[in-house]
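Open the structure in your viewer and keep the selection tool at hand. We will go from the whole chain down to single residues.

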Amino acid sequence: MATKNLNRVKAGDLELHEKVVSINRVVKTTKGGRAFSFSALVVVGNGNGVVGHGLGKAKEVQEAITKGIDDAKKNLIKVPVMNGTIPHDQMAREGAAKVLIKPAAHGTGVIAGGSMRAVLEAAGITDVLSKSQGSANPHNVVKATFVALSQLREPIAVAKQRNISLKKVFNG
């Protein structure tokens, strides 16, 4: 049911800021003992409506983060940001994680928990109310937030699709 945002973006000449959401140490028990590796969940964004997430895995933490950043740059989407907030309420699910994001008045700030906050701030959203229900697994919360952000529609596009004025979209 999750419709993909058609506004995919190339990382080419964007100045992206990265934020590490979580680092997980993974232990594999082998015949010769324990083998340690790391996985890093990273969010990148330009603070102006473009955001992406990625997962990197490696034997070293720094290498995992670098791989995560490279993966995040391949998954960039454009998010409609209006006056620092989102155009409408949106709900989404990924696995057992369920997120709700709502527009907020100027000055409210980003009311969001851990991994969801990282995604919203990277996208350049400054005023938003959100709630994460169900699983608190950072991977699924980030993915659910991305599904919600990718389903957002700009009011101009909605007005054009419905053949009504922009004023009617807001008051309608």
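The tour below starts with the overall view, moves to a sheet and its helices, and ends at one serine.

**Whole protein**

Show everything as a cartoon. Keep in mind that this is a predicted model. How many helices and strands does the protein have? There are five helices and eight strands. Now trace the chain from the N terminus. The elements come in the order β-β-β-α-β-β-β-β-α-β-α-α-α.

Turn the model to see its extent. The C-alpha trace spans about 70 × 35 × 35 Å along its principal axes. Of the 172 residues, 39% are buried. Next, think about contacts between residues at least 6 apart in sequence. Of these, 58% join residues at least 24 apart.

**Surface and charges**

Switch on the surface. The protein exposes about 10000 Å², and carbon and sulfur atoms supply 51% of that area. Then colour by charge. You will find 25 positive and 12 negative charges. The mean positions of these two groups lie 9 Å apart.

**The four-stranded sheet**

Return to the cartoon. Select strands 5, 6, 7 and 8. They form an open sheet in the order 5-6-8-7, with mixed pairing. Which strands stand at the edges? Look at strand 5 (90-94) and strand 7 (110-111). Each has a single partner strand, so one side of each is left without a neighbour in the sheet.

Zoom in on strand 7. Two bridges join strand 7 to strand 8 (residues 128-134), and this pair runs parallel. Select V110 and look across to strand 8. Opposite V110 stands V128.

**Helices on the sheet**

Add helix 3 (residues 138-151), which packs on the sheet. Helix 3 touches strand 5, strand 6 and strand 8. The direction of helix 3 makes about 140° with that of strand 5.

Now add helix 2 (residues 114-122). Helix 2 lies across strand 6 (97-103), strand 7 and strand 8. Its direction runs at about 145° to strand 8.

**Last stop: S22**

Move to strand 1 (residues 17-30) and select S22, which is found there. Is S22 buried or exposed? S22 counts as buried, because its relative accessibility is 17%, and the cut-off for buried is under 20%.

Finally, show what surrounds S22. Leave aside its neighbours within four places in sequence. S22 is then in contact with S39, A40, L41, P138 and H139. Select P138 and H139 to finish: these two contacts of S22 belong to the stretch 138-151 of helix 3.

Notes:
Residues are numbered from 1 along each chain as its sequence is written. This is a predicted model: local features need pLDDT of at least 70, side-chain atom pairs count only at pLDDT 80 or more; totals for chains, interfaces and linings use all residues. Side-chain values use heavy atoms; hydrogens and water are left out. Buried means under 20% relative accessible area, exposed over 50%, partly exposed in between (1.4 Å probe, protein chains only). Contact means heavy atoms within 4.5 Å. Accessible areas come from the Shrake-Rupley method with a 1.4 Å probe; for residues, only the protein chains shown count as cover. Lys and Arg count as positive and Asp and Glu as negative; His and the chain ends are not counted. The place of a charge is taken as NZ of Lys, CZ of Arg, CG of Asp or CD of Glu. Two strands pair if DSSP finds at least two bridges between them. Axes are lines fitted to C-alpha atoms, for helices over the stretch in contact, and angles run from 0 to 180 degrees between N-to-C directions.
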